[in-house]
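Visitor: I am new to this structure, and I would like to ask how the words used for it are justified.
Guide: Then let us look at it together and take the terms one at a time.

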Amino acid sequence: MSGMNSVAAAPEPLLRVDRLSVEFAGRKGVAPVLNDVSFEVAAGETVCLVGESGCGKSMTALAIMRLIPEPGRINTGVIQLRGADLAKYSVPEMRRIRGNKISMIFQEPMTALNPVYTVGDQICEPLRLHQGLSREEARTRAIDILRSVEIPAPERRIDEYPHQLSGGMRQRVMIAMALACDPDVLIADEPTTALDVTVQAQIFDLLRAQQQRRGTAIVMITHDMGAVSEMSDRVVVMYGGRVVEEGLTSEILESPKHPYTVGLIACLPELDPAPSLDRPDLPEIPGVVPSVWQRGVGCPFADRCTRVMPKCRQDFPPAFQTGPTQKVSCWLYEEQS
Amino acid sequence: MTQSTVAATAPPAAPAVKPPGQWREALRIFCRNPSAVFGFFLLLAIVAIAVLGPMLMEADPFELVAPPMDPPGSEFAILGSDYLGRDVLTGLIFGGRATLLVGVVAALLSVFIGVVVGALAGYYGGWVDEALMRITEFFQVLPALLFAMVLVTLFSPTLWTISIAIGVVSWTGTARLARGEFLRLKQLDYILAERVIGASSGRIIWKVILPNAVAPLIVSATLAVGTAILFEAGLSFLGLGDPNMMSWGLMIGNSRPYILTAWWAVTLPGVAIFLTVLAVSLIGDGLNDAFNPRLRERA
């Protein structure tokens, strides 16, 4: 981690996840879901966690919130928010952190709002829980917050129910809820996957504006490389519950090193100004993410990797520094570093 | 019950003036259902008679006012008298109170126990679920009427012990229903969103999940009233009712030996019970249709 701190661009981290391991205990034994996941996020910075389904992105987010579903648990590791280790917090202490210092927005605005309460009730809730505001104070604040997420006529919208709002509007309400208490860290779990492209751009603008205003650190989970290039400062690529590559977004997108990252970026369709019939097929990465029960000792990507070596199946490689900010966990780069 | 009814019927800052779409829609479908509306007015009439009748009448249902077994239409008793000469009409009016009260109290108790057990089992899962569901099964396999009889005989039969006995034996269905709803709802995103905000488990159970599960529970509570009235009648018929409180079941039970000579003293309270349970069931059925989205196209 020391290499990271020496980079001039990286200020003091607000959130630091260090060698986090999460495992699920089941009848068949213990399955490692996250292995030695480490990354940092500074104030005002956006870090994207990238990878396909099942590689541990959402689990990382839930682990930071300490909301891993049963029977999972944090095995080892440190989750530091402004230097304090959240992994050691008690349940009531953690409740004061959630929604207050760290909040989260979800992929599906359709299902992430409670259908029986008004928008106002739901935004007021964190304010009343964490800041002890009265009903009237909370309502006034909620209207301000709705206005700041650019919801038209907030005085009227506040008394509406979620089913009366469009998808984009609901996602704004979600963001308003998450930002109500001015959190230090906002975790966005695929915030735009369920929205169409124009609304997606508006939501990104909104998140960026809020970030500049308040210096919020954003951890964005996505599998959409377009969203990565648009939003993030740094990228953390995950595969099979491990961080396989990380670095500044520009550096990773220009010269991906890990075979998995190379594959992910190659999968992106390019806008071709002159479509032709002999355009090559989009490349794909063969195979699927191995289940948590099938992960052996070596690199989890070994079975799908085109450049696999015998060593890959024996040990998971440490992170090798391959660029100013880029670190890759792949044996291919052992000599370079 | 107070906690759950409050959470169920009055979400904070959402007065009845602006019901969520689901409720308004349900009300509309309910009003279009002729049998449900009929049931509603029938029950309204029965409740009005039972509540207002004893207030307006100076009478004692136990008083001997006519010759024994006077048939209906006589000058002393319009609907006849029983084997002791007590007025059947007065009995019907006064007995409705006890019957309805037992029905409502027992149903509330049964729904309360059922919702608490089902909510905790469904929300916490794991060993809590296992333990509570085994207890539920224990109550389910006991013959309900027999168990209620044991409870009533153990404690002296009063209105309250009868209500409690009926409530204690009839909550298992509601518990299973509530558990199912909680199992379904607890994995939805907005429950996770609520935890992300920092809400406690108690808050999530009572103020977040329960209001979303309330529609099927209302249906179940309505139907429980009908079941409880039948239970009360059954207990009274077997001579286990409160002997100092006139109820329809007691009237039937007392006049049972004379059914061939004074049919009216048994039949008329029976018709009263039949109409009440019918009204409650029609309402319950109407609510079920109104709240069940899969049945909506039909309405």
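## Reasons behind the words

Guide: Read along the sequence, chain B follows the pattern α-α-α-α-α-α-α-α-α-α-α-α, and please keep in mind from the start that this is a predicted model.

Visitor: How many helices and how many strands are there in chain B?
Guide: Chain B has 12 helices and zero strands. Of the 299 residues in chain B, 46% are buried, and among the contacts in chain B with a separation of 6 or more, 70% join residues 24 or more positions apart.

Visitor: What makes G39(B) count as buried or exposed?
Guide: A residue is called buried if 20 or more other C-beta atoms lie within 10 Å of its own; G39(B) has 23 C-beta neighbours inside 10 Å, and therefore G39(B) counts as buried. This residue lies in helix α3 (residues 34–56) of chain B.

Visitor: Which residues is G39(B) in contact with, leaving aside its neighbours within four places in sequence?
Guide: With those neighbours left aside, G39(B) is in contact with A279(B), L282(B), I283(B) and G286(B). The C-alpha atoms of G39(B) and A279(B) are separated by 4.0 Å, although these residues are 240 residues apart along the chain.

Visitor: Why is α4(B) called oblique to α7(B)?
Guide: The axes of helix α4 (residues 88–124) and helix α7 (residues 159–169), both of chain B, come within 8 Å and cross at roughly 40 degrees. Angles under 35 degrees count as roughly parallel, those over 145 as roughly antiparallel, and those from 65 to 115 as roughly perpendicular, with the rest oblique; the crossing angle therefore makes α4(B) oblique to α7(B). The crossing in which α4(B) passes α7(B) is right-handed.

Visitor: Which residues of α4(B) and α7(B) meet?
Guide: From α4(B) come A98(B), L101(B), V102(B), V105(B), A106(B), L109(B), S110(B) and I113(B), and they meet L159(B), I162(B), S163(B), I164(B), I166(B) and G167(B) in α7(B). Divided by class, the contact of α4(B) with α7(B) has 11 nonpolar, three polar and no charged residues.

Visitor: At what angle do α6(B) and α7(B) pack?
Guide: Helix α6 (residues 144–154) of chain B packs with α7(B) at an angle of about 145 degrees, and their axes are 9 Å apart. Here too the crossing is right-handed, as α6(B) passes α7(B). The residues in this contact include F147(B) and L151(B) of α6(B), with A165(B) and V169(B) of α7(B) among their counterparts, and by class the contact of α6(B) with α7(B) divides into 10 nonpolar, one polar and no charged residues.

Visitor: Why is helix α2 of chain A described as largely enclosed by the rest of the structure?
Guide: Helix α2 (residues 57–65) of chain A has nine residues, and eight of the nine are buried, so this helix is largely enclosed by the rest of the structure. The buried residues in α2(A) are K57(A), M59(A), T60(A), A61(A), L62(A), A63(A), I64(A) and M65(A).

Visitor: What is noted about the phi of R66(A), and why is this residue called partly exposed?
Guide: The phi of R66(A) is near 60 degrees, a positive value in a residue other than glycine. Most residues other than glycine have a negative phi. R66(A) has 19 C-beta neighbours inside 10 Å, whereas a buried residue needs 20 or more and an exposed one has 12 or fewer, so R66(A) counts as partly exposed. Its place is in the loop between α2 and β4 (72–81) of chain A.

Visitor: Why is R82(A) called partly exposed?
Guide: R82(A) has 13 other C-beta atoms within 10 Å, and since the exposed class stops at 12, R82(A) is partly exposed. R82(A) also has a positive phi, of about 45 degrees, although it is not a glycine, and this residue sits in the loop between β4 and β5 (84–85) of chain A.

Visitor: How many residues does each chain bring to the contact of chain B with chain A?
Guide: The contact takes 20 residues from chain B and 28 residues from chain A. On the side of chain B that touches chain A, α9(B) gives the most, with six residues, and by class this side has 13 nonpolar, four polar and three charged residues.

Notes:
Residues are numbered from 1 along each chain as its sequence is written. Chains are lettered from A and ligands numbered from 1 in the order in which they are written. This is a predicted model: local features need pLDDT of at least 70, side-chain atom pairs count only at pLDDT 80 or more; totals for chains, interfaces and linings use all residues. Two residues are in contact if their C-beta atoms, placed from the backbone, lie within 7 Å. Helices (H or I, at least four residues) and strands (E, at least two) are DSSP runs, numbered from the N terminus. Ala, Val, Leu, Ile, Met, Phe, Trp, Tyr, Cys and Pro count as nonpolar, Asp, Glu, Lys and Arg as charged, and the others, Gly among them, as polar. Axes are lines fitted to C-alpha atoms, for helices over the stretch in contact, and angles run from 0 to 180 degrees between N-to-C directions. A crossing is left-handed if the near helix is turned anticlockwise from the far one by less than a right angle, and right-handed if clockwise.
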